[in-house]
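Let's take a walk through a protein model and see what sits inside, what sits outside, and what looks a bit odd. Have a look at the structure first.

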Amino acid sequence: MTSLMPVTAPNLRLPLLGSVLLATLCGGRLDGQSSQERAAHDARLPATRARLLGVVTDAASNRPLPAAVVWLRDEASEEVAERDAFRKCAVLAAGDRSIVATARADSAGAYSFDDLTPGRYTLCVRAAGYAARALRVTLEAASTSRVHVGISALPTVLAPVGVREAAKGTFDGAHGSGSSTVTGALFERLRQARYLTSDSRLLTVDDVARSSGLGELDVMRAVQELPGVAARDDYTAMPWTRGAPADQTTVTFDGLPLLNPYHGVGAVSGLNVEAIGDAAFHPGVAPTELAGGAAGTLELRSRHPSRPGVSGSIGLSGVAASARIDGMTGDKGVAGTISVRRSHLDLSNRSSSSPDGTASRGLPYAFEDVAGHGDILMSGWRLEGSALFMRDRLWAPVAGIVDGGTGQWGGSVAQLSVTRSILGGALRTSIGGSASAADLLANPDTRLEPAGIPDDSSLYAVRETIFRPQPIRSRGCAPRDARVASRC
């Protein structure tokens, strides 16, 4: 039987005892440690930290850049090409694990990072309107590094925006311009910039097209579609604003009132849509330069040509035929437009037959209107004029409507303006006037007998003075208007 006896080595006893004591004090053990355990142990040991600070300035003027964004990327774990470093510094991506710290420059452009682990970093600097910049920095233990960064201004490149010169008038300028939603938003901003009152409304030819009225495009019918506006019935174009009768809504043309703005008995407005360049409705308070009505004001402006050359249009509705022609020189020094309209019911019904089969001579009534605008620009002076003429004619009795009488009625408006550019503004002088007339001649042989009155009554005896149609001749005019205005 073999037994193992301990071998004593007196000369190794003291070093071995020292190793055991050292291992015990350091928290280790006598057996061997793996490399992972040693690495974890070293990570728990306290390390000496580093600090980084500096100032961000404009590279050209050396002016501090407040609110510049500065951040550090840890590049110690991987080799990053210089081009990639700049690319990564162009965008501060959320959730990027390589970013170890971020800061924002103060009012003096200063930034600072504290308690950093020594090593290699990429310093990224970015500010609005400046090119991003990336710098490689190495931080030593127990040290403070100062890195001042100058960045260059970089103009911001935006996507191209197409701008098209709009016509002076907004009424026809929006026709076919694109999405109704976009057009409505643009016109709402224009309305807010032009008028202080929030209930004013701009009208377009599209608004008129959506309104129905005897097959004729009628701006008065479009007004009836607005909030707070109605009509007495479906047969009249006269607008009743907020419950007030139609005679309390004033219609103006180039700032002057139209004393008789309707054709017939109010079924059709007296102004052709081809002559309108701008239309705005003010239910209540109107701009001070207008002759506002008690309930509302419809502001109509004459049409300006929109492009050089000669152009025109013709139209035919169920009531009237119209034509328009525009002209403008290439240098836009001379421009003018004229539009005419005439009803055709007296002609189109001439060949029709009455219910009993007899031939009809047509309707003995017609209306017409003519509107024009022109301006001349020369040597800083601008001469501008506009006019509107409206007339209704009746040349025979209409059974069941007019028992007797012939004649005509209508209205007109005209003005002339001279404008001079001066001191960054414009001096404008205008003179104009409005007029209306009615001339109805009664048929002297016509008797309008009072119904239900006996022939031997005393009332029947005075029929010659009461029930006989009397001639009507009336004239009306608005005072001539002379105005001087300046604007910047």
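A residue is called exposed when its relative accessible area is over 50%, and buried when that value is under 20%; anything in between is partly exposed. Keep in mind that this is a predicted model.

Asp115 has a relative accessible area of 52%, so it counts as exposed. You'll find Asp115 in strand 4, residues 110–116. Here are four residues side by side, so you can try the cut-offs yourself.

| Residue | Relative accessible area | Class |
|---|---|---|
| Asp115 | 52% | exposed |
| Ser379 | 68% | exposed |
| Leu416 | 44% | partly exposed |
| Thr419 | 10% | buried |

Now for the oddities. Most residues other than glycine have a negative phi. Asp115 isn't a glycine, yet its phi is positive, at about 55 degrees. Ser379 also has a positive phi, near 50 degrees, and Ser379 sits in the loop between strand 21 and strand 22.

Next, strand 23, which covers residues 406–422 and includes Thr419. What does Thr419 touch, leaving out residues up to four places away in sequence? The list is Gly380, Trp381, Arg382, Ala426, Leu427 and Arg428. With Arg428 there is also a polar contact of 3.4 Å between the two side chains. Thr419 is buried because its relative accessible area is just 10%, and buried means under 20%.

Leu416 lies in strand 23 too. With 44%, Leu416 falls between the two cut-offs, so it is partly exposed. Leu416 helps make a nonpolar surface patch of about 700 Å², together with Val334, Ile376, Met378, Trp381, Leu383, Val418 and Ile431. Strand 21 (365–378), strand 22 (381–394) and strand 23 each give two or more residues to that patch.

What about the inside? In soluble globular proteins, nonpolar side chains tend to be buried together. The largest nonpolar core here has 28 residues, and those touching the most other members are Phe171, Val219, Leu271, Leu298, Leu300 and Leu388. Several elements give two or more residues to this core, including helix 5 (205–209), strand 17 (296–302) and strand 22. Which element gives the most? That's helix 6, with 4 residues.

Phe171 is worth clicking on: beyond its sequence neighbours up to four places away, it touches Leu203, Val208, Val219 and Ile276, among others. Apart from this core lies another one, of 23 residues, among them Leu52, Ala101, Ala105 and Ala127.

How values were computed: Residues numbered from 1 in each chain as written. Predicted model: local features only at pLDDT ≥ 70, side-chain atom pairs only at ≥ 80, totals over all residues. Heavy atoms only, no water. Buried < 20%, exposed > 50% of the residue type's maximum accessible area, 1.4 Å probe, protein only. Polar contact = N/O pair within 3.5 Å; in protein donor to acceptor, adjacent residues only side chain to side chain. Contact = heavy atoms within 4.5 Å. Patch = residues over 30% accessible without salt bridge, like charges linked within 9 Å, V, L, I, M, F, W, Y side chains within 5 Å. Areas by Shrake-Rupley, 256 points an atom, 1.4 Å probe, with all protein chains shown as cover. Salt bridge = Lys/Arg side-chain N within 4 Å of Asp/Glu carboxyl O. Core = buried A, V, L, I, M, F, W, Y, C linked by side-chain atoms within 4.5 Å.
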